[in-house]
Amino acid sequence: MSSSTHIVSDVMTHTVVAVGRDARFKDVVQLMEEWKVSALPVLEGEGRVVGVVSEADLLPKEEFRDDDPDRHTQRSRLGDLAKAGALTAGELMSTPAVTVHADATLAQAARIMAQRKVKRLPVVNAEGLLDGLVSRADLLKVFLRTDQDIAEEVRREVVSVLFPAPAEPLGVEVKDGVVTLTGHIRDTSLVPVAARLVRAVEGVVDVECDFSGGFPRSVPS
């Protein structure tokens with residue numbers, strides 16, 4: 001792992017609005033509007049996350065407000081119909097909450113979001129108490145790194161490790177997050193390895209290699 005790999009605590013929001021199980025439906029809606037968020041962690045006790053209530057959990061009340069669902073809908077959307085009649089956050093919330101720890105890497109957090117189809121994750125400590133919140137937008141902050149920062153890390157973490165004593169210095173150029181490696185190497189089997197390691201550097205958009213002296217070529221993942 002790169003020494004500069006970012007973790008969730010580097011990008012998460014530390015001040016988070018949350019509700020208890022007994023929070024009323026309208027209070028949940030009002031908090032979402034005031035804080036401009038689309039989901040709220042639900043807490044109990046000293047701050048243990050027990051669920052998350054989102055806009056998707058609130059919408060069934062409006063969807064079925066003046067509707068008399070048929071038998072098929074009653075069977076296939078039992079959970080939504082229950083939420084349509086819910087009055088509190090405890091009745092509305094999705095549980096168990098999908099959470100992440102503060103020391104997880106951004107890649108691990110992104111994987112959880114993709115697999116569980118959620119837009120944000122409550123960040124919890126070892127006891128399950130709320131520490132913060134991380135969103136998709138937070139995870140994308142790594143792409144705001146400067147080209148210079150990326151180039152320095154590629155030289156330090158990839159080039160100096162894979163090619164410690166090349167016949168001539170290898171070139172590392174970065175433009176808009178796209179890394180181009182140039183120069184002459186003895187072992188061309190290391191090219192895909194280098195490309196894979198460069199792609200693992202946070203903020204890298206793509207990698208091109210020109211180790212043969214010809215035109216740069218994109219290396220497949």
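The following questions and answers walk through a predicted model of one protein chain.

Colleague: How many helices and strands does the chain have?
Modeller: The chain runs to 221 residues, and 38% of them count as buried. Among contacts with a separation of 6 or more, 56% join residues 24 or more positions apart. As for helices and strands, the chain has ten helices and ten strands.

Colleague: In the open sheet of order 1-2-3, which strands stand at the edges?
Modeller: The sheet has three strands and mixed pairing. A strand with a single partner has one side left without a neighbour in the sheet, so the edges here are strand 1 (19-20) and strand 3 (48-54).

Colleague: Which residue of strand 3 is the bridge partner of Ala39?
Modeller: Strand 2 covers residues 39-44 and runs antiparallel to strand 3, with six bridges between them. The partner of Ala39 in strand 3 is Ser54.

Colleague: At what angle to strand 2 does helix 2 run?
Modeller: Helix 2 is made of residues 25-35. It lies across strand 1, strand 2 and strand 3, and its angle to strand 2 is about 125°.

Colleague: In the open sheet of order 4-5-6, which are the edge strands?
Modeller: This sheet also has three strands, and its pairing is mixed. Each edge strand pairs on one side only; these are strand 4 (100-101) and strand 6 (130-135).

Colleague: Which residue of strand 5 is the bridge partner of His101?
Modeller: Strand 4 and strand 5 (residues 120-124) run parallel and are joined by two bridges. Val100 stands opposite Val123 in strand 5. For His101, the partner in strand 5 is Val124.

Colleague: Which residue of strand 6 is the bridge partner of Val124?
Modeller: Strand 5 and strand 6 pair in the antiparallel sense over five bridges. In strand 6, Val124 is matched with Leu130.

Colleague: In the hairpin of strand 5 and strand 6, which residue in the turn has a positive phi?
Modeller: Five residues lie between the two strands of the hairpin. The phi in question is about 80°, and it belongs to Gly128.

Colleague: How many of the five residues of strand 5 are buried?
Modeller: Helix 7 (residues 106-116) lies across strand 4, strand 5 and strand 6, at about 130° to strand 5. Strand 5 is largely enclosed by the rest of the structure, because the number of its residues that are buried is four of the five.

Colleague: Which helix joins strand 8 and strand 9 in a right-handed β-α-β unit?
Modeller: Strand 8 (residues 178-182) and strand 9 (residues 206-210) pair in the parallel sense over five bridges. In one of these, Thr180 has Glu208 as its partner in strand 9. The helix that completes the unit is helix 10.

Colleague: Over what arc around the axis of helix 10 do Val191, Ala194, Ala195 and Val198 lie?
Modeller: These four residues of helix 10 are buried. They sit on the same side of helix 10, because the arc they cover is only 100°. In general, an α-helix has 3.6 residues a turn, so residues three or four places apart point the same way. The arc asked for is 100°.

Colleague: Which residue offers a backbone oxygen 2.9 Å from a polar atom of the Arg145 side chain?
Modeller: Arg145 is in the loop between helix 8 (136-139) and helix 9 (147-162). Leaving aside residues up to four places away in sequence, Arg145 touches Ile150, Glu153, Val201 and Glu202. The backbone oxygen at 2.9 Å is that of Glu202.

Terms used. Residues are numbered from 1 along each chain as its sequence is written. This is a predicted model: local features need pLDDT of at least 70, side-chain atom pairs count only at pLDDT 80 or more; totals for chains, interfaces and linings use all residues. Side-chain values use heavy atoms; hydrogens and water are left out. Two strands pair if DSSP finds at least two bridges between them. Contact means heavy atoms within 4.5 Å. Axes are lines fitted to C-alpha atoms, for helices over the stretch in contact, and angles run from 0 to 180 degrees between N-to-C directions. A polar contact is a pair of N or O atoms within 3.5 Å; within protein, one must be able to donate a hydrogen and the other to accept it, and residues adjacent in sequence count only if both atoms are side-chain atoms. A crossover is right-handed if, with the strands pointing away from the viewer, the path from the first strand over the helix to the second runs clockwise. Buried means under 20% relative accessible area, exposed over 50%, partly exposed in between (1.4 Å probe, protein chains only). The arc is that of the directions from the helix axis to the C-beta atoms.
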